[in-house]
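Reader: Could you walk me through this one, from the overall fold down to a single strand?

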Amino acid sequence: MDFYQGKVLKIDLSAGTAIVEPLNMEWAELYIGGKGLMLRYLWELTEPGLDPWSPDNPFIVATGPFAGTNVSTCSRVVIGGKSPASGTMLDSYMGGSFGSILKFAGYDMVIVQGLAPQLSTILIKDDVVTLAPCPAYTGMKTSEIEAALRADFDAKMTAISIGPAGESKLPWACISNDQYHKAGRGGTGALLGSKNVKAIAVAGTGKVTVGDAKAFLDDIERMDADYILTDDNYWVHEEGTPILVGITSGAGCQPVRNFSEGTNPDVENIDSEAFQKIRVKKRACYQCTLACRNFHRVEGAEGEGPEYETIALCGANVGVGDIDALMKFNIECDEWGLDTISTGNVLGLAMDMTEKGIHDFGVRFGDLDAYLKVPEQLATRSGIGAELAMGAKALAEKHGCPELAMHSKNLEMPGYDPRGSFGMSIAYASSDRGGCHMRSFPIGVEVVEGSMPADTLDSSKVVWNIDFQNHYAFKFCGIWCDFWAIDYDQMTQLMKHLWKRDVTEDELKVVGERVWNLGRLYNLREGTEKKDDFVPKAMLEKPFTTGVSAGKVIGSERFAKVMDEYYATRGWDENAVPTEDKLRQLGIDVRL
Ligand code: SF4
């Protein structure tokens with residue numbers, strides 16, 4: 001079978017079994033791979049209303065069809081299941097090498113269900129699959145566990161693993177691969193930890209077949225030259241995501257001190273230029289020609305990152321403009337296995353509550369000593385970490401200040417405040433996994449390009465968000481990296497090799513829309529309602545006082561109006577449920 005290996009590895013930890021099933025090729029035709037295929041399997045594998053902490057909640061690792069080939073950026077995987085953080089569908093993406101090596105071992109997907117009797121590691125070496133108890137790995141940080149697996153299992157293996165945060169089931173614990181690549185959002189690490197699994201290690205000696213290899217390789221080479229290694233893309237390699245630090249602060253949409261302002265007074269200390277001065281090396285994910293990963297060194301610490309989101313949430317949002325402290329905090333989060341977006345949100349909230357006299361957590365904006373202790377405290381649920389582990393929504397509600405929690409569908413917000421980029425309000429509220437910037441990214445046109453005004457919210461923003469969401473839903477089926485701004489035309493050129501026929505852009509658009517609607521159905525089935533499509537009231541009503549976005553408000557009424565337009569434009573009914581006509585038109589084969 002070209003591109004696909006045609007095999008799904010299913011592991012039942014409770015029964016101690018591993019079986020190989022044929023990949024459902026009907027679904028592969030409809031949903032391609034990655035996000036779409038993961039979602040279709042998720043729908044099938046679980047009963048409605050499943051407790052995300054139940055052993056039945058599947059931990060799914062899905063590749064895209066181009067993993068294991070030399071299509072740039074496609075070694076990525078999606079980690080899926082039902083999110084322990086938000087209760088919505090969970091799809092979180094990660095670079096590194098796991099996707100390619102899993103394909104070389106012979107599998108398109110791995111699905112793990114059940115509960116291991118003690119902390120264990122799943123070892124996959126081609127068709128030999130072992131569940132190995134690993135009490136000695138208890139408490140290991142992410143760099144330690146990978147080194148231990150290389151020594152104990154296979155020097156050439158790669159692994160996805162959790163740090164101590166995953167073992168303690170912190171709702172925003174993440175998954176690591178090759179140490180510095182993270183599936184950060186939605187509690188991927190908590191999900192694996194809840195199954196008593198510390199790591200899944202894989203070593204593979206097989207290959208991926210691609211049909212007409214010469215034609216395929218010629219095309220890849222041409223596409224690399226024409227679309228990837230271009231002057232336009234040079235910023236990805238040269239600066240990476242820190243380029244956004246100066247841009248978002250300048251546009252008044254960077255979260256500052258628990259999202260109370262949008263312009264960072266310390267921006268010059270932690271912007272792209274500041275990080276370039278301490279840069280020591282670069283690296284790339286397997287199979288990637290863009291190579292965006294940056295390593296930095298400060299006294300006493302060297303590591304990859306931080307990326308923009310970490311700088312915004314664990315820097316500006318907690319009042320930290322000290323590059324040394326930020327570097328150390330980022331490394332600690334990586335080692336303990338924490339998503340930095342949720343970490344920075346929850347910590348910013350605790351600081352805000354302390355400053356406002358609501359509750360004294362003993363940590364204030366810019367207090368570096370207390371700040372640097374927090375990653376360990378969260379991961380081990382010790383000190384203030386025991387209470388902060390509740391997450392922003394529950395923490396704020398407990399202390400009677402729900403308005404201070406910056407989340408949507410219980411997932412803490414990324415680093416773009418809608419008060420400086422109005423279109424982000426639609427992006428966040430309609431996101432299928434809660435507060436997330438990876439479903440649509442109006443910042444690109446409202447702030448970076450300036451091709452749409454940042455302070456309007458109307459039908460054009462509705463249509464723009466929907467188009468982007470459908471585009472990304474398809475892109476995440478093939479799992480191209482966000483940093484390749486691949487368009488439909490470029491994707492059709494690759495899909496021709498997969499489908500072995502001419503492919504139109506419209507066909508891909510239908511798949512993207514199908515996947516987006518399937519995600520909506522899943523969330524509705526699990527209890528999400530129209531009222532859950534929200535952004536915090538402060539983002540709609542409370543104007544900033546400084547910077548270019550000062551005084552600008554979206555307004556709750558205008559927001560509600562565009563969300564109704566969003567549902568109607570999507571072909572959903574007045575309760576925000578996809579209509580029967582829409583489901584039939586998209587060829588979706590499941591119903592509520
Ligand atoms: S662009 Fe960066 S994150 Fe994306 S695949 Fe390449 S190295 Fe990995």
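Here is a short run of questions and answers on the chain and one of its strands.

Author: This is a predicted model, where local features need pLDDT of at least 70, side-chain atom pairs count only at pLDDT 80 or more, and totals for chains, interfaces and linings use all residues. Residues are numbered from 1 along each chain as its sequence is written, and side-chain values use heavy atoms, with hydrogens and water left out.

Reader: What is the radius of gyration of the protein chain?

Author: Taken over C-alpha atoms, the radius of gyration is set against the globule rule, 2.2 Å times the number of residues to the power 0.38. For 592 residues that rule gives 25 Å, and the chain comes close to it, so it is as compact as a globular protein of that length. The value for the chain is 22 Å.

Reader: How much of the protein chain is buried?

Author: Buried means under 20% relative accessible area (1.4 Å probe, protein chains only). Counted over the 592 residues, the buried share is 65%.

Reader: How many residues of strand E5 are buried?

Author: Strands here are DSSP runs of E, at least two residues, numbered from the N terminus. E5 covers residues 89–94 and is largely enclosed by the rest of the structure, because its buried count is six of the six.

Reader: Which residue in E5 is the bridge partner of Gly-81?

Author: Strands E4 (residues 77–82) and E5 pair in the antiparallel sense over six bridges; pairing takes at least two DSSP bridges. Leu-90 points the same way from E5 as Ser-92 and Met-94. The bridge partner of Gly-81 is Leu-90.

Notes. Buried means under 20% relative accessible area, exposed over 50%, partly exposed in between (1.4 Å probe, protein chains only). Helices (H or I, at least four residues) and strands (E, at least two) are DSSP runs, numbered from the N terminus.
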